[in-house]
Amino acid sequence: MDSQDPSEQSEGVEGTESPEEVEDELILKLLNDDCLFHIMSYLNLHELIVAERVCDRFAAVVKRVYKSYRVLDFQLFYGFWNRHLSNPETKEIALRVGKHVHTLRAASYAFGIGPREIPSFVSTHLKGLKNIQLERFQIANEEAVRQLADVFKGVTVAKLDSCDAIDEIVMQLLKLEQLEVLELPNNRNLYGRFLQRLTNIKDLSLEACSGISRQNFREFCEQHPNLRSLNIISCYWIDRGALQSICANLKNLEKISISVDYVDVEAEDYLVLGNLPKLKHLEISSFSDNLIGVRNMNVLLMKLSTYNRLEYLDLTEKNLTVDTEKALRNFTKLKELNLSLIFNCKDSTLDSLSCDKTLQYLQIPYSDITQQGLEKLIARCSALRFIGLYGCDNIDDAFIGSILEHLKGRSHMLELGVDRYKFHREEYGNFLGVNPSKLKLTFK
């Protein structure tokens with residue numbers, strides 16, 4: 001019997017590297033640790049945990065990456081993996097980066113644990129938090145509150161969304177005197193006794209906190225003249241007196257988010273908001289798109305347009321009328337305008353805009369805008385940097401070629417948020433060959 005060639009014997013033997021593997025190993029040896037650090041900084045935490053087990057060198061570099069982590073976002077992991085995170089997974093992640101992060105974002109639906117309980121790793125491994133954003137957790141157990149209060153003692157920015165919070169829990173959990181930002185949306189059992197302790201607060205959200213006492217709110221306004229931002233959307237305890245208290249006391253308010261269908265507020269009552277001397281950011285909401293809400297909105301917009309101070313305006317899901325467009329003509333300083341989900345937003349709406357020199361960000365998803373109307377806007381608004389066009393049936397990739405000429409000479413890029421199925425990458429690539437640095441498409 002012929003003896004087997006030695007080269008053939010080596011094939012398939014465990015531990016023998018292919019030429020490709022040898023080449024990859026050589027490339028890795030050519031990269032210094034700083035290069036590896038830069039590459040690994042693009043990996044998510046799950047991938048980093050796998051990478052650190054490859055070899056000692058990888059483990060050392062990955063530990064450097066862990067130390068650079070400042071934000072721990074478990075909602076991001078949930079969206080990426082599309083499944084609940086197990087207790088061992090969350091503990092592994094927290095053990096590695098917990099002592100380095102200053103911001104925690106977490107929602108109860110991301111974890112495969114008991115109903116709405118805050119995971120134990122928070123009080124065990126996260127000691128240096130400055131910013132917490134928790135959603136749909138229950139914070140009622142006295143021992144859990146005590147442990148979390150110790151962890152949250154350095155927090156200056158806090159958001160507790162739909163956490164069934166009550167005044168006593170908020171006062172025990174957080175050092176209210178040092179908070180600069182506090183968001184408490186959808187906590188219907190709050191009465192507002194905690195408000196008086198917010199001595200350093202700059203931004204406050206009480207959105208959909210239906211139990212707040214009017215008296216507690218008015219006293220808060222009187223004692224906090226330096227408040228910068230206030231969200232009182234869906235706070236149906238707001239009355240004429242509350243609006244008057246806002247305008248009489250909050251002279252430094254720059255941003256307000258309000259409803260235009262408060263039960264105890266007439267259209268004329270909203271006019272006092274025009275007396276806020278620093279107001280630049282307005283978000284308008286309403287529970288239903290009724291005629292009263294539309295009238296109240298238009299009365300307020302007309303009043304504010306006479307002062308022409310607004311730089312940001314959000315009218316998401318509102319019904320635009322002739323009076324709305326008339327008011328929009330007077331806002332010449334708008335930098336951001338959100339007209340999302342407004343089905344009667346059309347070319348005439350864009351024509352009514354007078355912020356040609358200032359408008360940078362425009363959201364018009366699911367509108368009736370045409371390609372011709374949008375091209376006219378882009379031609380005259382030279383500061384535009386982003387337009388959201390998701391769900392716009394009249395806009396497709398044939399539109400790209402018509403706007404490139406208008407982008408010549410601009411110092412910045414225009415980004416368009418578009419539907420993947422209507423804008424083909426091949427067509428996009430052809431146009432970019434003409435003007436590659438002026439247009440970017442973000443696909444959804």
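# Close-up views of a predicted model

**Figure 1. The lining of the largest cavity.** Leu273, Gly274, Leu276, Leu279, Leu304, Tyr307, Arg309 and Leu310 line the largest cavity. The structure shown is a predicted model. The space inside this cavity is about 40 Å³. Two cavities of 30 Å³ or more are counted.

**Figure 2. The protein as a whole.** The predicted chain of 444 residues has 46% of them buried. Its secondary structure comprises 18 helices and 15 strands. Of the contacts between residues at least 6 apart in sequence, 68% join residues at least 24 apart. The accessible surface is about 22100 Å². Carbon and sulfur atoms account for 50% of that surface. Salt bridges number 19.

**Figure 3. The salt bridge between Arg96 and Glu52.** The side chains of Arg96 and Glu52 pair at 2.9 Å, N to O. Distant parts of the chain are linked here, with the two positions 44 residues apart in the numbering. Arg96 belongs to helix α7 (residues 87-97). Glu52 sits in the loop between α4 (45-51) and α5 (56-67). Both Arg96 and Glu52 are buried. The two residues also belong to a network of salt bridges that links Glu52, Arg53, Glu92 and Arg96.

**Figure 4. The salt bridge between Arg240 and Asp269.** The side chains of Arg240 and Asp269 meet at 3.3 Å, N to O. This pair, too, links distant parts of the chain, the partners being 29 residues apart. Arg240 is in helix α12 (residues 240-249). Asp269 is in the loop between β8 (255-259) and β9 (281-285). Arg240 has a relative accessibility of 49%, so it counts as partly exposed. Asp269 is buried, because its relative accessible area is 11%.

**Figure 5. The salt bridge between Lys326 and Asp323 in helix α14.** A salt bridge joins the side chains of Lys326 and Asp323, with 4.0 Å from N to O. Both residues lie in helix α14 (residues 322-328). They are three residues apart, so about one helical turn separates them. Lys326 is partly exposed, at 42% relative accessible area. Asp323 is partly exposed as well, at 39%.

**Figure 6. Ser305 in helix α13.** Helix α13 (residues 291-307) contains Ser305. Ser305 has a relative accessible area of 4%, so it is buried. Beyond residues up to four places away in sequence, Ser305 touches Ala327, Asn330 and Phe331.

**Figure 7. Asn308 and its positive phi.** Asn308 lies in the loop between α13 and β10 (312-314). Its phi is positive, about 55°, although Asn308 is not a glycine. Most residues other than glycine have a negative phi. Asn308 is buried, with 15% relative accessible area.

**Figure 8. Ala208 and its positive phi.** The loop between β6 (203-205) and α11 (214-223) holds Ala208. Ala208 is not a glycine, yet its phi is positive, near 60°. At 5% relative accessibility, Ala208 is buried.

**Figure 9. The surroundings of Val101.** Val101 is placed in the loop between α7 and β2 (103-107). Its relative accessibility is 1%, so Val101 counts as buried. Outside its neighbours within four places in sequence, Val101 contacts Tyr69, Arg70, Val71 and Leu72. Leu126, Gly128 and Leu129 are also among its contacts. The C-alpha atoms of Val101 and Gly128 are 6.8 Å apart in space. In sequence, Val101 and Gly128 are 27 residues apart.

**Figure 10. A nonpolar surface patch.** Leu341, Phe343 and Tyr366 make a nonpolar patch of about 320 Å² on the surface. Tyr366 is in the loop between β12 (361-363) and α16 (371-380). Tyr366 is partly exposed, at 38% relative accessible area. Residues count towards such a patch with over 30% relative accessible area, so Tyr366 passes that cut-off.

Terms used. Residues numbered from 1 in each chain as written. Predicted model: local features only at pLDDT ≥ 70, side-chain atom pairs only at ≥ 80, totals over all residues. Heavy atoms only, no water. Patch = residues over 30% accessible without salt bridge, like charges linked within 9 Å, V, L, I, M, F, W, Y side chains within 5 Å. Areas by Shrake-Rupley, 256 points an atom, 1.4 Å probe, with all protein chains shown as cover. Helix = DSSP H or I, 4+ residues; strand = E, 2+ residues; numbered from the N terminus. Buried < 20%, exposed > 50% of the residue type's maximum accessible area, 1.4 Å probe, protein only. Contact = heavy atoms within 4.5 Å. 1 Å grid on protein atoms, 1.4 Å probe; cavity = no way out; pocket = protein on both sides within 12 Å on 5 of 7 lines; lining within 4 Å. Points joined across faces, edges and corners; volume = space filled by probe spheres on them.
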